[in-house]
Amino acid sequence: MSRANSSSLTPEFFILNGVPGLEDAHVWISLPFCFMYMIAVVGNCGLIYLIGHEEALHRPMYFFLALLSFTDVTLCTTTVPNMLCIFWFNFKKIGFNSCLAQMFFVHMLTGMESGVLMLMALDRYVAICYPLRYTTILTNPVIAKAGLATFLRSVMLIFPFTLLTKRLPYCRGTLIPHTYCDHMSVAKVSCGNAKVNAIYGLMAALLIGVFDICCISVSYTMILRAVVSLSSADARHKAFSTCTSHICAIVITYVPAFFTFFTHRFGGHTIPHHIHIIVANLYLLLPPTMNPIVYGVKTKQIRESVIKFLLGDKMDILNVKGKKTITVMFQKVGRTKNGEEGSRRPVWESLGYAFHRTKVTASSVIHF
C-alpha cells in the first residue's frame, strides 16, 4: 500500500514556468539568451578545433582550455534549447525522469567547470614557479588523469541529488517557477521534508566550490610570491599577463554562481524571484559566452592561430616577407663560425636568396 501511495505521488511530468511575473516579455528575454548561446557554441567549438589542429597549441594550458570549452558548451546546451522552447513555443512540459537527468547534468557540469578552473590555476602555478620542469610535470597522461578525476568527483557528489529528489512525494502540484530543473527548485515543489536535500546540497557546494577556491587561492599566492621575487619589471609583467585570462574566467564564473547559491538559500524574500531566475540563467550562459572572447583577446598564441586560420595561404606569404627582412638585416652584420666578419652581400642578392629559400631564418644566417 505504501508503495502504491509513493508511486501515486511521483508525477509523470513537471511544468517549467519560465520567468515568473514576466511571461509577456518571454520573447524579448529570449533574444539576448539566444544570441549569447550562439556565441558560446561557435566560440567554444572554434577553440576546441583550433587547439586540436594547431601544433603550437598542443600544450597543457590549452588542453585544459579545450576541456573547459567542452564543459561550457555542454553545460549551456543542457538548458538553453529547452528554455528557448518555453519562451518561443510555450513548450513547458518536461518528463519527471528528463527533469532529473537535466538536473544531474546541470550540477555535474557546473562542478566540472569549477574543477577545470582549479586545474588551470595549478597549471599556471607549475608554469611560473617551475618553468624548466613544466612539460615534464604536466605530461599528457597526467592531464588526462587530472581531467578524469575532476569528472568522477563531480559525478559522485552530484548523483545523490537525483536519488534524494526522486524519493520525495509531490502533492503540491507540478509547477516549477524556473526555466530549467534546478535541484532546490524541484525539491521545493515537494510536500515532503526537503531538509536533507538542502543539507546535502550545501555540503556538495562546500566540497566542490570551497575546495576549488582554496586551491586557486593557494596557487595564486605562490604565483604572486614567485613573480614579486623577479628582479626584472618586464619579466614580472610577462608572468602576470599569462594569468589575466584565467583570472577573468574565475571572476566570470564564480560571481554569478555565489549570487545564485546564496539567494536560493538566504535571499528568497528580499530579492524578486524573476531577478533570481534571470541571474541563474546568466550563471550558466555567461562563462561559456565570455571565456572564448577573453582567451581569444588576451592570449597571443590563440590570436595568431585564429589569424592563420582566417588568412590561410596569405599568412605564408607574410611569413616569407618577414624572413626576407630578417635575412637582409642580419646578413650585413653576420659573422662566420671562425669569428671573422662575413662578406656583405648586396641587398638585391640577399632578397633573392631569401625569396628562393623560404626556410632560411635568422638562426641559419647569424653565427655569433
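A disulfide here is a pair of cysteine sulfur atoms within 2.5 Å. I am working from a predicted model.

**Entry 1. Disulfides**

I searched the whole structure with that cut-off and got two disulfides. I took them one at a time.

I looked at C99 and C181 and found their sulfur atoms 2.0 Å apart, in a disulfide. The torsion about their S-S bond is about -120 degrees, so I noted the disulfide of C99 and C181 as left-handed. I then placed the two cysteines: C99 is in helix α5 (residues 96–129), while C181 is in the loop between β3 (175–176) and α8 (183–189), so this pair ties together parts 82 residues apart in sequence. I checked exposure and found both C99 and C181 buried.

The other link runs from C171 to C191, with an S to S distance of 1.8 Å. I read 135 degrees about the S-S bond of C171 and C191, and this link is right-handed. C171 sits in the loop between α7 (140–166) and β3, and C191 in the loop between α8 and α9 (195–228); the pair links distant parts of the chain, 20 residues apart. For exposure I have C171 as partly exposed, at a relative accessible area of 47%. C191 is also listed as partly exposed, at 28% relative accessibility.

I numbered the bonded cysteines of the protein chain in sequence order and wrote the pairing down as 1-3, 2-4.

**Entry 2. Cysteines outside the disulfides**

I asked why C45 has no bond to C76. The C76 sulfur is the closest cysteine sulfur to that of C45, but it is 9.0 Å away, which is too far for a bond. C45 has 40% relative accessibility, so I put it down as partly exposed.

I also looked up C214, which is in no disulfide; its nearest cysteine sulfur belongs to C215 and is 7.0 Å away. C214 is partly exposed as well, with 44% relative accessibility.

**Entry 3. Helix α12**

I compared the length of α12 with what its residue count predicts. At 1.5 Å a residue, the 26 residues of α12 (residues 273–298) should span 38 Å, and I have the end C-alpha atoms 36 Å apart, which agrees. I then looked for a bend and found one of about 35 degrees at L285. A proline, P287, follows L285 within four residues.

**Entry 4. N90**

I looked at the backbone of N90 next. Most residues other than glycine have a negative phi. N90 has a positive value, with phi near 60 degrees. I located N90 in the loop between α4 (80–89) and β2 (93–95). The relative accessibility of N90 is 52%, so I counted it as exposed.

**Entry 5. The cavity**

I counted one cavity of 30 Å³ or more. The largest cavity holds about 50 Å³ of space. I listed its lining as M61, M120, D123, R124, T242, S245, H246 and Y295. Three residues of this lining are nonpolar, three polar and two charged. I noted that α5 and α11 (244–266) each supply at least two lining residues, and that α5 gives the most, with three.

**Entry 6. Pockets**

I turned to the largest pocket, which has about 660 Å³ of space. I found 32 residues in its lining, and those nearest its centre are T110, A205, A257, F261 and Y283. The elements giving two or more residues to this lining are α5, α7, α8, α9, α11 and α12. By type, I have the lining of the largest pocket as 19 nonpolar, ten polar and three charged residues.

The second largest pocket has about 440 Å³ of space. I found that 18 residues line it, with R124, K238, S241, T242 and Q301 closest to its centre. Two or more lining residues come from each of α3 (60–77), α5, α10 (233–241), α11 and α13 (300–311). I sorted the lining of the second largest pocket into six nonpolar, six polar and six charged residues.

I marked R124 and T242 for a cross-check: they are among the residues that line the largest cavity, and they are also among those closest to the centre of the second largest pocket.

Terms used. Residues are numbered from 1 along each chain as its sequence is written. This is a predicted model: local features need pLDDT of at least 70, side-chain atom pairs count only at pLDDT 80 or more; totals for chains, interfaces and linings use all residues. Side-chain values use heavy atoms; hydrogens and water are left out. The expected span of a helix is 1.5 Å times one less than its number of residues. The bend at a residue is the angle between axes fitted to the seven residues ending there and the seven starting there. Buried means under 20% relative accessible area, exposed over 50%, partly exposed in between (1.4 Å probe, protein chains only). On a 1 Å grid over the protein atoms alone, a cavity is a set of points where a 1.4 Å probe fits but cannot get out, and a pocket is an open set with protein on both sides within 12 Å along at least five of seven lines; lining residues have an atom within 4 Å of a point. Grid points are joined across faces, edges and corners, and a volume is the space filled by probe spheres set on the points. Ala, Val, Leu, Ile, Met, Phe, Trp, Tyr, Cys and Pro count as nonpolar, Asp, Glu, Lys and Arg as charged, and the others, Gly among them, as polar.
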